[in-house]
Amino acid sequence: MQVPPPQPAGPEGASVYAYQEPSTIAETPAAEAPVAEGPNGLGTLPEAVDSATTSGPTQIASAAPPSVPDVAQASELPPAADSLMHQAESQRGARDYAGAAASLERALRIDPQSAYLWNRLARVRLEQGLISQAGNLAARSNALAGGQSSLKRDNWAMIAVARRSAGDMAGAAEADRLARGG
């Protein structure tokens, strides 16, 4: 049985199969982003971002500043992990987020208990637009951070972005409070 080709949907000749270029997340801060209704009636995030197919960087307007917590914490890394961490920071500076993530994941295989490395991977995931994953990675970093207050504050700032993006305004407010050191 042969299926007939789709018929034009209107005077412009647009097909129901027409592709529309997705917009970027950077157009609207996460707190103000419109929430589209998904097929199951639940809200969905605007335009999902897949890091494997994204050619350019994704900027999150409401994200915490791209700070680097106390680099002295990084000096405690084994030499191979330290080298990979520096490579990742260079890649991140060049907006090669996929390369930076790969370098940080390799460093984490060497030193999986490094709160600093988990923090840096969370920052890269946030910059890739993988907000929920960034929040989870920041929480893991917090669990390992001990008394590293500047690292914890940076983690809480990323967690606040993730919670706000998920619609958890009370959780985001609490995370913002903790990010300020409160």
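In which handedness of crossing does α5 pass α6? The structure is a predicted model, in which local features need pLDDT of at least 70, side-chain atom pairs count only at pLDDT 80 or more, and totals for chains, interfaces and linings use all residues. Residues are numbered from 1 along each chain as its sequence is written, and side-chain values use heavy atoms, with hydrogens and water left out.

α5 passes α6 in a left-handed crossing, that is, the near helix is turned anticlockwise from the far one by less than a right angle. Helices α5 (residues 149–165) and α6 (residues 169–179) pack at about 165 degrees, with axes 8 Å apart; axes are lines fitted to C-alpha atoms over the stretch in contact, and angles run from 0 to 180 degrees between N-to-C directions. Helices are DSSP runs (H or I, at least four residues) numbered from the N terminus. α5 is therefore roughly antiparallel to α6 (angle over 145 degrees). Among the residues in contact (heavy atoms within 4.5 Å) are Trp156 and Ile159 of α5 and Met169 and Leu178 of α6.

The axes of α3 and α4 come within 8 Å and cross at roughly 165 degrees. This crossing is left-handed. Residues making the contact include Trp118 and Leu121 of α3 and Ile131 and Leu137 of α4.

The largest nonpolar core (buried Ala, Val, Leu, Ile, Met, Phe, Trp, Tyr and Cys residues joined through side-chain atoms within 4.5 Å; buried means under 20% relative accessible area, with a 1.4 Å probe and protein chains only) has 31 residues. α3 gives the most to this core, with eight residues. Leu117 is one of the residues with the most contacts inside the core.

Terms used
Helices (H or I, at least four residues) and strands (E, at least two) are DSSP runs, numbered from the N terminus. Angles under 35 degrees count as roughly parallel, over 145 as roughly antiparallel, 65 to 115 as roughly perpendicular and the rest as oblique. Buried means under 20% relative accessible area, exposed over 50%, partly exposed in between (1.4 Å probe, protein chains only).
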